Amino acid sequence: VQLQAFGGGLVQAGGSLTLSCIASESIFSFPMGWYRQAPGQQRELVARIGRFGYTEYADSVKGRFTISRDDAKKTVWLQMDNLKADDSGVYYCFRERQTGSPDWGQGTLVTVSS
């Protein structure tokens with residue numbers, strides 16, 4: 001599967017961005033989500049959405065980020081509001097498999113200026 005992530009960019013603190021992840025194959029029955037990686041730091045889970053819409057968020061983004069999905073469009077979104085400088089990094093979309101490593105997208109860069 002190919003996962004193409006879109007929507008990154010430069011935004012001022014307090015602003016909003018919406019990331020999109022479009023899959024080349026079905027995402028039905030797969031949990032989906034987003035990780036991010038800041039320079040010099042490990043990749044961290046930002047948000048995950050299960051097969052039936054159950055959502056999980058990192059504590060640092062709760063109340064500010066919203067993940068959603070449309071299986072018919074093979075698309076997952078991450079709405080990011082009230083962005084902070086610490087939200088900067090490369091955001092990677094993933095499709096979680098029952099066994100083995102997840103499928104990864106190519107990443108999209110988010111830069112929040114303070």
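Student: In what order do the four strands of the open sheet lie, and in which sense do they pair?
Tutor: In this predicted model, four strands make up an open sheet whose pairing is antiparallel. Strands β1 (3–6) and β7 are the edge strands, each pairing on one side only, and neighbouring strands are turned by 15 degrees against each other on average, direction ignored. The sense is thus antiparallel, and the order is β1-β3-β8-β7.

Student: How many bridges join β3 to β8, and which residue of β8 is the bridge partner of C21?
Tutor: Strands of a sheet pair through backbone hydrogen bonds, either parallel or antiparallel. Here β3 and β8 run antiparallel and are joined by six bridges. Within that pairing, the bridge partner that C21 finds in β8 is V76.

Student: Which residue in the hairpin of β7 and β8 takes a positive phi?
Tutor: Strand β7 pairs with strand β8 (residues 75–80) in the antiparallel sense over six bridges, and one of the bridge partners is Q79 of β8, which is matched with T66. The hairpin has four residues between the strands, and the residue with a positive phi, near 55 degrees, is K74.

Student: Which residues of β7 form its covered face?
Tutor: In a regular strand the side chains alternate between the two faces of the sheet. In β7 the uncovered face carries T66, S68 and D70, while the covered face consists of F65, I67 and R69.

Student: Is R69 buried or exposed, given its relative accessible area?
Tutor: R69 is found in strand β7 (residues 65–70), and it belongs to the covered face of that strand. The cut-off for buried is under 20% relative accessible area. Because the relative accessible area of R69 is 16%, this residue counts as buried.

Student: Which backbone oxygens lie 2.8 Å and 2.9 Å from a polar atom of the R69 side chain?
Tutor: Leaving aside neighbours within four places in sequence, R69 is in contact with residues including I27, F28, F30, P31 and M32, as well as T75, V76 and W77. Two backbone oxygens approach polar atoms of its side chain: at 2.8 Å that of I27, and at 2.9 Å that of F30.

Student: Is S20 buried or exposed, and what is its relative accessible area?
Tutor: S20 has its place in strand β3 (residues 17–23). Not counting residues up to four places away in sequence, S20 touches Q4, A5, F6, W34, V76 and W77. S20 is buried, and its relative accessible area is 19%.

Student: Which residues does the disulfide join, and why is it left-handed?
Tutor: A disulfide is a covalent bond between the sulfur atoms of two cysteines. The count here comes to one disulfide, and its torsion about the S-S bond is about -75 degrees, so the disulfide is left-handed. It links distant parts of the chain, from strand β3 to strand β9 (residues 89–95), 72 residues apart. Both cysteines are buried, and with S to S at 2.0 Å the joined residues are C21 and C93.

Student: Why is the pair of Y35 and F94 edge-to-face?
Tutor: A pair of aromatic rings is described by the distance of the centres and the angle of the planes. The structure holds three aromatic pairs; in the one formed by Y35 and F94 the centres are 5.2 Å apart and the planes stand at 65 degrees, so this pair is edge-to-face. Because Y35 lies in strand β4 (residues 32–37) and F94 in strand β9, the pair ties together parts that are 59 residues apart in sequence. Planes over 60 degrees apart count as edge-to-face, and the angle that decides the case is 65 degrees.

Student: What accessibility do Y35 and F94 have, and which residues do ring pairs link into a cluster?
Tutor: Y35 counts as partly exposed at 24% relative accessibility, whereas F94 is buried with a relative accessible area of 2%. The rings of Y35 and W104 also pair, with centres 5.2 Å apart and planes at 70 degrees, so this pair is edge-to-face. This second pair links Y35 in strand β4 to W104 in strand β10 (residues 103–104), 69 residues apart. Ring pairs thereby form a cluster of Y35, F94 and W104.

Definitions and conventions: Residues are numbered from 1 along each chain as its sequence is written. This is a predicted model: local features need pLDDT of at least 70, side-chain atom pairs count only at pLDDT 80 or more; totals for chains, interfaces and linings use all residues. Side-chain values use heavy atoms; hydrogens and water are left out. Helices (H or I, at least four residues) and strands (E, at least two) are DSSP runs, numbered from the N terminus. Buried means under 20% relative accessible area, exposed over 50%, partly exposed in between (1.4 Å probe, protein chains only). A polar contact is a pair of N or O atoms within 3.5 Å; within protein, one must be able to donate a hydrogen and the other to accept it, and residues adjacent in sequence count only if both atoms are side-chain atoms. Contact means heavy atoms within 4.5 Å. Two strands pair if DSSP finds at least two bridges between them. A disulfide is a pair of cysteine sulfur atoms within 2.5 Å. Axes are lines fitted to C-alpha atoms, for helices over the stretch in contact, and angles run from 0 to 180 degrees between N-to-C directions. Rings of Phe, Tyr and Trp (its six-membered ring) pair if their centres lie within 6.5 Å; planes under 30 degrees apart count as stacked, over 60 as edge-to-face and the rest as tilted.
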